[in-house]
Amino acid sequence: MWSVTQRVDEGRRRLLALVAGAPVLGAALAACAADPRPKAAPGPRSALDADVKLRWRAVRSEQTLLALHAAVAAAHPDLAATLQPLTAHHDEHLAALVADGPLPYGFSPDAVVAAPEVAGDAAGALAAVAAAERAAADTCVAASLAAAGPRLAAVLATIAGSEAGHGVVLA
Amino acid sequence: MTTTPAPTPAPSPSAGPGLDAAQAALAGEHACVYGYGVAGAHLPDRAEEALGALTAHRSRRDALTALIVAAGAEPGAAEPGYALPSPVTDPASAQALAVLLEQRLGALYADLVGAAATPELRELAVRAVVASSVQALTWGGAPSAFPGLDGRV
């Protein structure tokens, strides 16, 4: 399969040498510096309220994942080093979501989430974290699709990407 | 070949920033498809995976092209050739290229998530952000908190 591609590849390299001004791959893929924060006026009130709820649910989801990480790390100290960098991502997710706008009245971002049960074996505990990460990613995808605000939609999509990645790393 | 002129597409509500972001993502997919052609040639032990990624990018490129056409715009074409950001000579440099492609594509799609003017474009972009994040990891990229928006949140 790739032997064919390899020959094509050689041809492309020659082509590249010949084509003056061939665009640099990195330039075509250069991350747009566009600020994803909405610049237009906020949408209708109902859309804003719906977004507050989406953000609130995402905050809750992060708190639940953080509680699970903490419980697993406490029950299985050997897993703490594996989980730590991923736990730090959830701290970042939570901070970004909380900082991004109002949350429902009376909501405390420091609310304690009940400690979840942790499997007695390390492999089972880790598998439970991976499953929770994947489920949270799916929820974030749905929330991103539903979000009215462009900034919230983008943040939720990348949180989904992060958590789906955690699911892969831990699997 | 008959020469019936193509009807001029009516102005679409999705013209504007949303379409610019879609065109930017499409340009990224074109570059990515090219890049995987190069990287795959240097990944004999992971040829199936590289081919799978290439196929996924081709199909997303086609889906994005169709959505841009549906929005009444002319989808950007692939360039005849692309210069690589760094030489690809072995599996390690091929994987590094694949990671870079996925990460940069993820950033373009994160922009499109926010800018997309239709639910279809939004959905394609959200799923692409997730796919590129996961794919970058499989090529050896490091997990991140906001893949596609890192440093911009």
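These are my notebook entries on a predicted model with chains A and B.

**Entry: confidence in chain A**

I began with how far chain A can be trusted. Its mean pLDDT is 81, and 74% of its residues reach 70 or more. I then looked up where the confidence bottoms out and where it peaks. Helix α1 of chain A (residues 2-18) is lowest, with a mean of 43, while helix α5 of chain A (residues 122-146) is highest, at 98. Two stretches of chain A drop below 50. One is residues 1-21, which has 22 contacts in the model beyond near neighbours in sequence. Another is residues 31-41, with 19 contacts counted in that way. A reminder to myself: where pLDDT is low, the predicted coordinates should not be read in detail.

**Entry: the make-up of chain A**

Next I went through the secondary structure. Chain A has six helices and zero strands, so along the sequence I read the pattern α-α-α-α-α-α. Of its 171 residues, 36% are buried. I also checked how its contacts spread along the sequence. Among contacts in chain A with a separation of 6 or more, 77% are between residues 24 or more positions apart.

**Entry: the make-up of chain B**

Chain B has four helices and zero strands, and from the N terminus its elements run α-α-α-α. How compact is chain B for its 153 residues? The radius of gyration is 16 Å, close to the 15 Å from the globule rule, so chain B is as compact as a globular protein of that length. Its C-alpha trace spans about 50 × 45 × 25 Å along the principal axes. Buried residues make up 53% of chain B. For contacts in chain B between residues at least 6 apart in sequence, 73% join residues at least 24 apart.

**Entry: helix α1 of chain B**

I gave this helix a page of its own. It covers residues 17-41 of chain B, and at 1.5 Å a residue its 25 residues should span 36 Å. The end C-alpha atoms are 36 Å apart, which agrees. Is α1(B) largely enclosed or open? I found 20 of its 25 residues buried, so α1(B) is largely enclosed by the rest of the structure.

**Entry: the nonpolar core**

The largest nonpolar core has 87 residues. Those with the most contacts inside it include A:Leu156, A:Ala160, B:Ala22 and B:Tyr109. I wanted to know which helices feed this core. In chain A, α3 (45-75), α4 (80-99), α5 and α6 (150-170) each supply at least two residues. In chain B, α1, α2 (47-70), α3 (91-115) and α4 (119-138) each do so too. The largest share, 14 residues, comes from α1(B).

I followed up on A:Leu156. Leaving aside neighbours within four places in sequence, A:Leu156 is in contact with A:Ala58, A:Cys140, A:Ala143, A:Ser144 and A:Ala147.

**Entry: two exposed residues of chain A**

Lastly I picked two residues away from the buried set. A:Gly124 sits in helix α5 of chain A. With 11 C-beta neighbours inside 10 Å, A:Gly124 counts as exposed, because the cut-off for that is 12 or fewer. From A:Gly124 to A:Val168 the C-alpha distance is 15 Å, with their positions 44 residues apart in sequence.

A:Ala171 lies in the segment after α6 of chain A. A:Ala171 also counts as exposed, with 11 C-beta neighbours inside 10 Å. Its C-alpha atom is 9.6 Å from that of A:Ala128, and the two residues are 43 apart along the chain.

Terms used:
Residues are numbered from 1 along each chain as its sequence is written. Chains are lettered from A and ligands numbered from 1 in the order in which they are written. This is a predicted model: local features need pLDDT of at least 70, side-chain atom pairs count only at pLDDT 80 or more; totals for chains, interfaces and linings use all residues. pLDDT is the predictor's confidence in each residue, from 0 to 100. Two residues are in contact if their C-beta atoms, placed from the backbone, lie within 7 Å. The radius of gyration is taken over C-alpha atoms; the globule rule is 2.2 Å times the number of residues to the power 0.38. The expected span of a helix is 1.5 Å times one less than its number of residues. A nonpolar core is a set of buried Ala, Val, Leu, Ile, Met, Phe, Trp, Tyr and Cys residues joined through C-beta atoms within 7 Å.
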